[in-house]
Amino acid sequence: MIPLCVNLGVSLSAHTVYLTECAPKRLRGMVGVTIATFISLGKFCGQLLGISELLGTEERWPWLLGFNGFTALLQLLTLPFLPESPRFLLLDRGDHQTCEKALKRLWGNKDYSREVEEMLEEKTALQSIRSHSVMELIQNQTVRWQLLTIIVTFTTLQLCGINAVYFYSFDVFRAAGIQENQLRYAALGTGMCELFTSVTCFMIIESTGKKVLLFRGYMGMSATLVLLTITLYLQSRVSWMPYCSMVLIFIFIFFFSSGPAGVTAPLPGDIFNQSFKSAAYTIACTFNWAGLFVVGMLFPILVEKLDYFCFLIFLLFCAICGLYVRFNVPETKNRTALEVAAEFKKMHCESGKSQKNQSSEQTHNSIATCGTKL
């Protein structure tokens, strides 16, 4: 079990970094969403294979467990055919020729001088700057807003309430009149909803933008959690209320899959340059798995003490993260890491300057008022 967990933690970061570095700038958002799309596909396949008609029986469950090994073996066999990341080859190794070969293998036999030029601009900006460690990233003041962004988004990804919604879904389905032997098919419906919504996010992300999807997703999830708490409270008093709760569960999954689930994973690669990227993904995944650990440890206690009112705690996280993204994170669509860093600096330097100007104006006005009174 321990090697499986270690592999899961390492491969999620490595897979995300490789995909975002290999994708062209205009398709980076779509390629990043595929991470969530295939995670949803894996969850749906696990739900499908786990029903009693297939492998969900006492005799056949070892085959279900071994299915993970089959997918890992398939990936291992295909890895030698994949080229190294072009950005890694050019920015870290300085191998211009191999970088161009990798670009042609990945994107086709065309002229990619513009993309190479953008990478060289970043290389020039990072000249003589080595890759930073996690502690150096934490101590660096120039990227504190980017660091705070990944901490907020990756922590909220696990504390947004998606696991709680899945936990309560079976109780809601039972209250809606679904028979016990049919609950597994209702669970398949939630997995299918997540998968189809992720595919939809894949198609609209380049036209909509990541910031908009994150903000709308968390705000929609916040509103849904409020309504879901109300419907669960009235579930035993109003006969048709369980059907409303069931609809709200699917709406919550829709908002989650259409924004936070697809946008969060590749976010560190969009807002950090090459020298900070490895450390940023390390911190991001640490907070992601730490959030999952906290939910696993505390959620049973919350359910015992608060019952369905525990959704109000997740509501707080969703609302805070949505507002943070709205006012503190720039749009990353069709922008390089250097351009995004400049937008962060512009956004927060201007806000700091405006606050200083307001304070100076207030001081000036108070001095003028005192002078008038005198």
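This report walks through one chain, from its overall make-up to its nonpolar cores.

**The whole chain**

The model is predicted. Its secondary structure is made of helices: there are 17 of them, and zero strands. The chain has 374 residues, and 41% of them are buried. It exposes about 20,500 Å². Carbon and sulfur atoms supply 66% of that exposed area.

Contacts often link distant parts of the sequence. Take the contacts with a separation of 6 or more: residues 24 or more positions apart account for 77% of them.

**Two helices**

Two of the helices deserve a name here.

| Helix | Residues | Note |
|---|---|---|
| α3 | 61–78 | kink of about 25°, centred on F67 |
| α15 | 274–306 | gives eight residues to the largest nonpolar core |

Helix α3 has 18 residues. From its first C-alpha to its last it reaches 27 Å, close to the expected 26 Å. Even so, α3 carries a kink, and F67 sits at its centre.

**The cores**

Which residues have the most contacts inside the largest nonpolar core? They are L137, I150, Y218, L225, F272, F299 and F311, in a core of 62 residues. Helix α15 gives the most to this core, with eight residues.

Now look at L137. Leave aside its neighbours within four places in sequence, and L137 is in contact with V143, L147, F272, F276, A279, A280 and I283. One of these partners, F272, is also on the list of residues with the most contacts inside the core.

There is also a second, separate core. This one has nine residues, including L91, C99, L103 and M119.

Conventions. Residues numbered from 1 in each chain as written. Predicted model: local features only at pLDDT ≥ 70, side-chain atom pairs only at ≥ 80, totals over all residues. Heavy atoms only, no water. Helix = DSSP H or I, 4+ residues; strand = E, 2+ residues; numbered from the N terminus. Buried < 20%, exposed > 50% of the residue type's maximum accessible area, 1.4 Å probe, protein only. Contact = heavy atoms within 4.5 Å. Areas by Shrake-Rupley, 256 points an atom, 1.4 Å probe, with all protein chains shown as cover. Expected span 1.5 Å × (residues − 1). Bend = angle between axes of the 7 residues up to and from the residue. Core = buried A, V, L, I, M, F, W, Y, C linked by side-chain atoms within 4.5 Å.
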